[in-house]
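Trainee: Please show me the model, and let me ask how each label is justified.

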Amino acid sequence: HLPQPQPQRQAAVGLSPVFSELALPDLDEPAVAPGGRGAQHLLLLPYSLRPGVRYSFSLEVRQAESQPGSVAITPPRAVLSAAILTVEVERPPSGGRVLSSPSNGTELLTRFSFSAPGWRDAQLPLSFSFGYAPSLGGSGGGGSGSSIHSNTGGSFRSGGDYSALRSLARQTEAATPLASSSASSITSAVLPAGEWTVWLTVADALGSATHSASEAPIAVRRGAGELSADR
C-alpha cells in the first residue's frame, strides 16, 4: 500500500472573556502576542490580560490551502480539530500603600523607616521587597502613589497601554534593593545623598505581584564632611 498523504494544517487561536464585556487584547498585535494568533505556540507578553478575569482560549486547526501538485484530502480551510481552554488570571495583592519616614535626612546618618500597610490577598503568605531609585523631576519616580500589577497575564487596560505599564515595571526592577524579599512589611536603611522614590514589590504565594511607588520622594542631603571638602 502507498502511504496516504497527510493534510497540511494551520492553527489559529481566539480569545474571549467569560461572563464579561471587557475590551480584549488583540492577539495579532506584537505588543500582546509577538507571534500572532497563527503561531504554533501562543506567547502572551506581561500586562496583556486583566487580573481577576476568566478568559476562554479557543483553538482551531484548519486544512491549509492545497499546494500545486498536492492531493487535497479535505476541503481547504475545513476545521480538522478544535478545543477550548478556560483560565482565570490570578488577582495580585491590593489595597496597600508604601510609607517612609522621615521625609528628609543626611546621607549615611539618618535611618529611614519604610512600611507597607494594608496589603491584602487570598493567597498567603505575602512577601515584600523594598527598593529605591532616583525621582524624576522631584515628582517621586513613576508617579505619586502609582501601582501596577504583574502576574501570569498581567494587567490590561482599555486602549492597550502596554508600553506605559511595562515602563513602570522596569522602573521597579531597576530600583536598588533596600533589603532581601521577606515576609516582613517593614524595614529600615540609610541612604546616599539624592532625591529618591521608594518602590515596593509585594507578591502572594503564587507569585502574582503588585509594584507600587511611594507618594512623595525622600530628600537626602550630603554629610557635613563632604560639604566642607567641596569648599
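**Pairs and strands**

Mentor: Start with one bridge: G194 stands opposite V220 in β13. This is a predicted model, in which local features need pLDDT of at least 70 and side-chain atom pairs count only at pLDDT 80 or more, while totals for chains, interfaces and linings use all residues. Residues are numbered from 1 along each chain as its sequence is written, and side-chain values use heavy atoms, with hydrogens and water left out.

Trainee: What makes β11 and β13 a strand pair?

Mentor: Three bridges join the antiparallel strands β11 and β13. Two strands pair if DSSP finds at least two bridges between them, so three are enough. Strands themselves are DSSP runs of E with at least two residues, numbered from the N terminus.

Trainee: Which strands does β11 join by five bridges, and which by eight?

Mentor: Five bridges connect β11 to β12, and eight connect β7 to β11; both pairings are antiparallel. A203 has A209 in β12 as its bridge partner, and P134 stands opposite W196 in β11. β11 and β12 form a hairpin with five residues between them, and G207 in the turn has a positive phi of about 90 degrees.

Trainee: Why is the pair of Y132 and W196 called edge-to-face?

Mentor: Rings of Phe, Tyr and Trp (its six-membered ring) pair if their centres lie within 6.5 Å; planes under 30 degrees apart are stacked, over 60 edge-to-face, and the rest tilted. The centres of Y132 and W196 are 5.0 Å apart and the planes stand at 85 degrees, so the pair is edge-to-face. Y132 lies in strand β7 and W196 in strand β11, 64 residues apart.

Trainee: Are these two residues buried or exposed?

Mentor: Both Y132 and W196 are buried, that is, under 20% relative accessible area (exposed is over 50%, partly exposed in between; 1.4 Å probe, protein chains only). In β11, eight of the ten residues are buried.

Trainee: How do you know that R97 and E215 form a salt bridge?

Mentor: A salt bridge is a side-chain nitrogen of Lys or Arg within 4 Å of a carboxyl oxygen of Asp or Glu. The closest N and O atoms of R97 and E215 are 3.2 Å apart, so the pair qualifies. The two residues sit in loops, 118 residues apart. R97, at 39% relative accessibility, counts as partly exposed, and so does E215 at 42%.

Trainee: What is the N to O distance for R37 and D28?

Mentor: That distance is 3.0 Å, and the side chains of R37 and D28 meet in a salt bridge. The structure holds two salt bridges.

Technical notes
Helix = DSSP H or I, 4+ residues; strand = E, 2+ residues; numbered from the N terminus.
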